[in-house]
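Me: Got a minute to go through this model with me? I'd like to talk about the charged pairs and the chain contact.

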Protein chains: 2
Amino acid sequence: MQKAAIEKNNEAIAAQLAPVGRETVQDRVYSELRRALIGGLFEPSQVLTIRGLADALVTSTMPVREALGRLITEKALEALPNRSVRVPPITLERLDDLLRARILIEGEAIALAAARMGPRQIATIETILGEWDEMRALKHKKDVDREVTLNQSFHFEIYRSCGSAVLIPMIESLWLQSGPCIRVAIYAFSEAGEVDTAQYHRRIVTALSTQDGQAARESLVADISRPFTFLRSKLQANAAKDQT
Amino acid sequence: MQKAAIEKNNEAIAAQLAPVGRETVQDRVYSELRRALIGGLFEPSQVLTIRGLADALVTSTMPVREALGRLITEKALEALPNRSVRVPPITLERLDDLLRARILIEGEAIALAAARMGPRQIATIETILGEWDEMRALKHKKDVDREVTLNQSFHFEIYRSCGSAVLIPMIESLWLQSGPCIRVAIYAFSEAGEVDTAQYHRRIVTALSTQDGQAARESLVADISRPFTFLRSKLQANAAKDQT
DNA sequence: GATTATGATTTGTGATCACACTTGCTTTGA
DNA sequence: TCAAAGCAAGTGTGATCACAAATCATAATC
């Protein structure tokens, strides 16, 4: 019996080949829409049509409608009584509601992560911070997309360390819901004040590397509150203007 | 111009007619599966097939597959690499993870609700408690289904008062995820110890009617922890038995 | 001239079909 | 006797079609 030899050969093959994976079209559509949502590529109150998205993504309607359904259940999109779907509009209440939930859940996640992150994980988020500085160095081109991506990587690298398979999907849902809102805030920050966002992240890293969960939570709260309070005042200003 | 008169007539009609609503088949399938999941009608690790469910629900595969997709995204079901879907199996880690998340989020929700519940809402949950006692009175028929339903009504009547459109869907997702687990616990309670579950609920009502958020939170934590710690010890006992 | 009817277009929903992959069983060969 | 190949039933995925409801533009009516 040459079974052992065959087995060995198979292992040799497996070592060289990467698993091809079998991602469905629906998964790709879903990821693409998620990316667009978190990145704030869709505007609040914008309505999306199945056929329109299918054309834009060059597929049939089938994968799109299932992806939309999934996004609706996680409240990233909203189903109108007309059965059309749109990006949820921003209101003051919703903003406060989202921030409170994010403080609660992401705060818990980072406190858990603080006790579990090793030098390996700390190094990873420091690398991300480094890329941030690098990007800032050549500031002539303010790449908001990249900024959003790096911010996301930084936070989720931490959350992944919290070891909770239940909390992480909830945080993803929260980001999906607040994505369309904070995009405008990040853009305004990057354009105007230039109050270094990275300094908040540095405070988080410091707290995490000393395993200080409480400090990490507080720094995180400061970090995620900023765009929300900014948006809040902006929204109130608009409301006041509409009054006149 | 009799526009005002017509408008008035329309309003009069609207006052008498109930909106008919246009529930889709997919929505019904989704609700039905949710109900089954929260009620624990499916066992952990059970595999569900699209065609099988479609036959059972007497529809085509289309509404079922979309409903399954939605349930997968809220982690109520699990997509295997084989592309079959099953209800997630129970593990010790998952149990602890779920309980921690529920304490965190439902605790916050009830604390918020404590400050917002008026006599009207208090009366509603007291009614539910009354129905509970009534059911207990004729205890010859231990109706676990009704017990699960009443428990759900009691809790969600409270959560609805928290005023957070963001937290409530998350709590629903958590119930969906813990449903298959706690069913066995409730059943065991109802059968064996008969330690009055209602007494925990009464403590919650007392705390809420005095607007004591902290007490309400603590009572709630005691209430939802009970089935989890029960299941936990049972699972550990099983693990020990498998060892031998 | 403003409002209501009417028709065409667009959109979501559900059903059905074709295809690829998985799974379990049978058959074949050593 | 046992393992591997081959076959058949079952399953998820995507495409397409039919239909009903919504939307919008045009026409008709007061």
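**Salt bridges and the interface**

Reply: Let's start with a network: salt bridges link A:Arg34, A:Glu74 and A:Glu172. Keep in mind that this is a predicted model.

Me: OK. How many salt bridges does the structure hold over all chains?

Reply: There are 28, counted over all chains.

Me: And how many of those does the rule find across the interface of chain B and chain A?

Reply: It finds 2 there. In one, A:Arg65 pairs with B:Glu66, with the closest N and O atoms 3.1 Å apart. The other has B:Arg65 meeting A:Glu66, also listed at 3.1 Å, N to O.

Me: Where do A:Arg65 and B:Glu66 lie?

Reply: A:Arg65 is in helix H4 of chain A (residues 61–73) and B:Glu66 is in helix H4 of chain B, so the pair joins two chains.

Me: Is B:Glu66 buried or exposed?

Reply: B:Glu66 counts as buried, at 9% relative accessibility. A:Arg65 is partly exposed, with 31%.

Me: Switching to the contact itself: how many residues does it take from each chain?

Reply: It takes 29 residues from chain B and 29 from chain A. Between them the chains bury about 2600 Å², 60% of it on carbon and sulfur atoms.

Me: Which residues in chain B lose the most area to chain A?

Reply: Those are B:Arg83, B:Leu104 and B:Val166, together 22% of what that side buries.

Me: What about polar contacts, how many residue pairs between chain B and chain A?

Reply: The count is 9 residue pairs, with both residues at pLDDT 80 or more.

Me: Which element gives the most to chain B's side?

Reply: H5(B) does, with 8 residues. By class, the side of chain B that touches chain A has 13 nonpolar, 6 polar and 10 charged residues.

Me: Back to chain A. What does A:Arg232 form a salt bridge with?

Reply: Its partner is A:Asp96, with the closest N and O atoms 2.8 Å apart. That pair links distant parts of the chain, 136 residues apart: A:Arg232 sits in helix H10 (residues 213–243) and A:Asp96 in helix H5 (residues 92–114). A:Arg232 is partly exposed at 26%, and A:Asp96 is partly exposed at 31%.

Me: And A:Arg202, which side chain does it meet?

Reply: A:Arg202 meets A:Asp133 in a salt bridge of 3.5 Å, N to O. A:Arg202 lies in helix H9 and A:Asp133 in helix H6 of chain A, so the pair ties together parts that are 69 residues apart in sequence.

Key
Residues numbered from 1 in each chain as written. Chains lettered and ligands numbered in written order. Predicted model: local features only at pLDDT ≥ 70, side-chain atom pairs only at ≥ 80, totals over all residues. Heavy atoms only, no water. Contact = heavy atoms within 4.5 Å. Buried area = accessible area lost by both parts, 1.4 Å probe. Salt bridge = Lys/Arg side-chain N within 4 Å of Asp/Glu carboxyl O. Polar contact = N/O pair within 3.5 Å; in protein donor to acceptor, adjacent residues only side chain to side chain. Helix = DSSP H or I, 4+ residues; strand = E, 2+ residues; numbered from the N terminus. Nonpolar A, V, L, I, M, F, W, Y, C, P; charged D, E, K, R; others polar. Buried < 20%, exposed > 50% of the residue type's maximum accessible area, 1.4 Å probe, protein only.
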